[in-house]
Amino acid sequence: MIYLKEELYQLVKNDSAIFDFIQEHALDGLSYSNISAPDLNWVNPALQTLLKNDLPPADSVALDPFIVDFFPLIKTAKGEIDTQEVTFKCTDGQIVKTTCKLHFIYDNNDEVYAVLKAYKKAKNTSEQHDIQEIKEHFELLQKKEAFLDECNKAANIGYWEVDIESDLLYWSDVTKTIHETAPDYSPKIDTAINFYKDGESRIVIEKSFALAVSEGRNFDHELQIVTGKGNSKWVRSIGRPTFVNGICTRVSGTFQDITVFKESNIALTIEKEKLLSVLKGSNIGTWEWNIQTNETDHSEMWTEILGYTLAELQPITTQKWEQLVHPDDVEFSKLKISEYFDRKSEYYEAEYRMKHKNGHWIWILDKGKVITWTENNEPLMMFGTHYDITEQKKINQRNMLFIEQTPTAIAMFDKEMRYLVASKKWKEDYHLTEEKIVGVSQYDLFPNIAVEWVDIYKKSLQGIASQGKDCLFIRKDGSNMWLKWEIKPWYADNGAVAGVIIYSDDISQRKEIEEKLRLSEETFRGNFEHAAIGMGLLDVHGKWLKVNNSLAKLLGYTTEEFVKQSVKNLTHVEDLDSDLALIYELVAGKRSYYQLEKRFIKKDNTIISAILSTSIVRDENQEPLYFIIQIVDTTEQKKAKNELSESMSRLEGLIDSSTQVAIIETDVNGLICTFNKGAENLLGYSREEMILKKTPLTFHSQEEISSRASELSLTYNHAVNDFDVFTLPAQMGLYDTREWTYIKKDKTKFPVQLTVTTVKKNERITGYLGVAVDISYIKETEREIHTLLNVAKGQNERLKNFAHIVSHNLRSHSGNITMMMDLAVHEQPDLLENELISMLKTASTNLQETIMHLNEVVLMNSAVNENLHSINLYDSIADTIQNMHSILFNSNVEIINTIDKDVTVLALAAYLESILLNLMTNAVKYRSEDRDPIIKISTEIKGDYIVLSIEDNGIGIDLKKNGFKIFGMYKTFHNNKDARGIGLFITKNQVEAINGKIEVASKENIGTTFKVYFRYEKN
């Protein structure tokens, strides 16, 4: 019937197991029937042919008339017949025996509703059966032998045999490999024994072999050998004698390389002792496992965790471990070990249940790591720990049942697609963190959800699981999210679909990366086509696959013309061999790329120079696919290089022409490698005497070198000697220029000014360059200037005395005039009414004031350094503020003093008091009426000075207009009636008299800052 065929085809689509069954068993025919009509079958053409039935396959066929006999062979666990022997009588009367395999199809109630039968024609004669059986047996033996050989090779186990009667020795290939002998090596009985290491190993094997021959004793030893290449190895040698009529006719056995195992055991013992010392006293058991031999070793604590003593459980085998583990957890633990052995995890870790001696189950955290591997990269020795986590599990099961799933986006829905629960990650991915979603429909949360998603939900609610990737989901806020997802139905206790569980993974970032990759590929294509340098793809046979316009244009071709050219025709003949040699190395994998400067021949036969860069692209099997070629025209660079070479030649000529300047270059050790004409003229040595033979120490004063070495040693806190006295500052990136004394070949001396710098190549110091100038004339000039300064100093002293005399005499005469005027006015007060007398008195007073100011200046400039002493600046400021108390109080001035209490300066007390008072009173006098006056006082250290800053927020000074005369005598800048223009003049002279300096910064209507630089005791 047609519907039977369609029903079968639908089953094949939905269940791959049915397809596998048909493919494996339906060799000679296939039938399908439904329980509702068991006598009617759909049969395929192969079965029709077998029965010689002419009816079309689509029609219903009753098979019972064709069956003459059947015999049940195999039954399933449910008691159903799985395999039958069925005998058919064809329409032509021929008898055909078949083996029939049955595949039962069940409905949702686990009841059979259809049967699929596959037929295989049986042989007709026993002879054919015997031949086939012999053939299969022979093939099986061959497979077993090949498998055994492969196993031996994998386990590094060889075979050997001694024929006693013929005195012949045989070694298998693996045995020869272990001995490190040639494959065609023929071992001899009398010499083979010498491979065993002299001493205990050789004695043991000789004795054991003798006992095997004489007494029939088997042997199994771990011994050391020395291979044909002289290497020492540990081997396991097993021997078994064979006797015929009481006489030993041969001895054979196996030979295994156990070097790794033995060395690992030694290392393992050391590591084991270390670990046990750490674990001792803790509640952690330990175990060891030789994966290759399946031997195990467990600590006492391992058994105590399970309530046993070690003696009660020994020997602890892997089979006993499986008996103790919960049946549901055995496969899980094995899976974890398998994943670890396959390098899918860094270490083995599994949580499983084990049965306590008292009968209850406890949870165990089992961790382990392979500490040694075989030469074939197979795990050998594994060490692990065993920890009771039962209580922790109880807590986790009670409080963390669902929290364990929160790292992924999972949500559970009922049949109406209402949320039952959702993970935190789900809410984050779908932007639902602010929503109360439990009990809310997915369709209400996303009213504009795509029809495709609605169809997926409906399909799952019908019991069909599905999954997908690269699917777009539009969130409630309109943003897009690309998903990888899986949806499955979940079932109630009655087996009916109760809702769906959805898992999704936001792959938007991956999609973004893929898009960037696509753009990157497009960019590469664009860069290839439009690159300024020549680029091309060349196959492994030297044929151009593709070139860009720049490459073709570089050599004068169109791209169509270029791809027809061979690399040989484009390359200068003298450069061809070097290029091909590098190509061969690239193909052989000896290098990943190469770069070569070579010459190319253009279309017009002119030659250009270029840098060729070549790399190789390989397929997944590391076979070469094509070469990526990049060519940069360096013709102009070559030309520039030649010009630079010419410039260097001219520079060398210039150096040699500097006859009065010594230019000397050394290597890093001080050996002279350049000695110009000027050095020859100044020092009297020839180049031949100095280059690669002497160091600059030859013509330097040893006394100066020692002095400079001591100075540098103190500065840098480590010993500095010999040549380093010239180069140490230069090594630190400094330009060192100082005066030295050179000693000529004739032992005469002369002063020079020497500058030493480093010579670098690729940012690495390769030597030093010293440039020395004869400063004999300068030194002579200095001596003359010094003499003139001494003369000037004497004249200054005489002028100073003259100033004292003039100042004293003028002050006396002006005082007399003033006194006489005061007496006259006292006797005759009416004289003041006389304008001339009044003007004369004013002039007298001004003269006396001027002379007083001049006298102060003279006294200031006469101060000597020996009168300076250390004064606490903080205390001086405090005294000044106290002296100005009434002024500050009446003016409502705020003083902000941040000076350290321990700061001291070198000064004269009277000068310091005057300086501070002048600057502070000016700050008050010239305050602004628009804001409350503030004076900030602070200090800082700058080099050799302590800098005192006095900052106000007063009316300020226009420095552009008055800056050049601010410290001038009788210079005023404001309309203050008390201004005399002498205060800042005296302050500046006082500051300079004590070896300081003063600076000012000011802006109108903002304020003024005076900075006074004082020397301090450090100097």
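# A guided tour: salt bridges, a sheet and a cavity

Begin by selecting Lys233, which is buried, with a relative accessible area of 12%. Keep in mind throughout the tour that the structure on your screen is a predicted model.

Now add Glu180 to the selection, and you will find that its side chain meets that of Lys233 in a salt bridge, at 3.8 Å from N to O. This pair links distant parts of the chain, since Glu180 sits in the loop between helix 5 (173–179) and helix 6 (189–192), whereas Lys233 belongs to strand 10 (residues 232–244), 53 residues apart. Glu180 has a relative accessibility of 22% and therefore counts as partly exposed, because the buried class covers values under 20%. Side chains of opposite charge can pair when their charged atoms come close.

Next, select Lys357 together with Glu312, which form a salt bridge whose closest N and O atoms are 2.8 Å apart. Lys357 lies in the loop between strand 14 (348–355) and strand 15 (361–373), while Glu312 lies in helix 10 (residues 310–313), so this pair ties together parts that are 45 residues apart in sequence. Lys357 is partly exposed at 43% relative accessibility, and Glu312 is partly exposed as well, with a relative accessible area of 40%.

For a further salt bridge, move to Asp470 and Arg510, where the closest N and O atoms are 2.3 Å apart. Because Asp470 is in strand 19 (residues 466–474) and Arg510 is in helix 17 (residues 508–530), the pair ties together parts that are 40 residues apart in sequence. Asp470 is partly exposed, with a relative accessible area of 32%, and Arg510 is partly exposed with a relative accessible area of 32%. Before leaving this topic, add Asp257 to your view of Glu180 and Lys233, for these three residues are joined into one network by salt bridges that share partners. A search of the whole structure finds 30 salt bridges.

Strand 19 also leads to the next stop, an open sheet of five strands in the order 18-17-21-20-19, with antiparallel pairing. Strand 18 (419–422) and strand 19 are the edge strands, each of them pairing on one side only. From one strand to the next, the twist averages 25°. If you select strand 19 with strand 20 (residues 480–491), you can follow seven bridges along their antiparallel pairing; one residue to look for is Gln467, whose bridge partner in strand 20 is Glu486. Then show helix 16 (residues 451–461), which packs on the sheet and touches strand 17 (409–414), strand 19, strand 20 and strand 21 (497–506), its direction making about 20° with that of strand 20.

The last stop is empty space inside the model. The count comes to two cavities of 30 Å³ or more, and the largest cavity has a volume of about 130 Å³. To find the largest cavity, select Ile664, Pro696, Leu754, Val756 and Gly770, which are the closest to its centre of the 14 residues that line it. Which elements each supply at least two residues of this lining? They are strand 27 (661–667), helix 26 (724–731), strand 30 (749–761) and strand 31 (764–774). End the tour by colouring strand 31, which gives the most to the lining of the largest cavity, with three residues.

How values were computed: Residues are numbered from 1 along each chain as its sequence is written. This is a predicted model: local features need pLDDT of at least 70, side-chain atom pairs count only at pLDDT 80 or more; totals for chains, interfaces and linings use all residues. Side-chain values use heavy atoms; hydrogens and water are left out. A salt bridge is a side-chain nitrogen of Lys or Arg within 4 Å of a carboxyl oxygen of Asp or Glu. Helices (H or I, at least four residues) and strands (E, at least two) are DSSP runs, numbered from the N terminus. Buried means under 20% relative accessible area, exposed over 50%, partly exposed in between (1.4 Å probe, protein chains only). Two strands pair if DSSP finds at least two bridges between them. Axes are lines fitted to C-alpha atoms, for helices over the stretch in contact, and angles run from 0 to 180 degrees between N-to-C directions. Contact means heavy atoms within 4.5 Å. On a 1 Å grid over the protein atoms alone, a cavity is a set of points where a 1.4 Å probe fits but cannot get out, and a pocket is an open set with protein on both sides within 12 Å along at least five of seven lines; lining residues have an atom within 4 Å of a point. Grid points are joined across faces, edges and corners, and a volume is the space filled by probe spheres set on the points.
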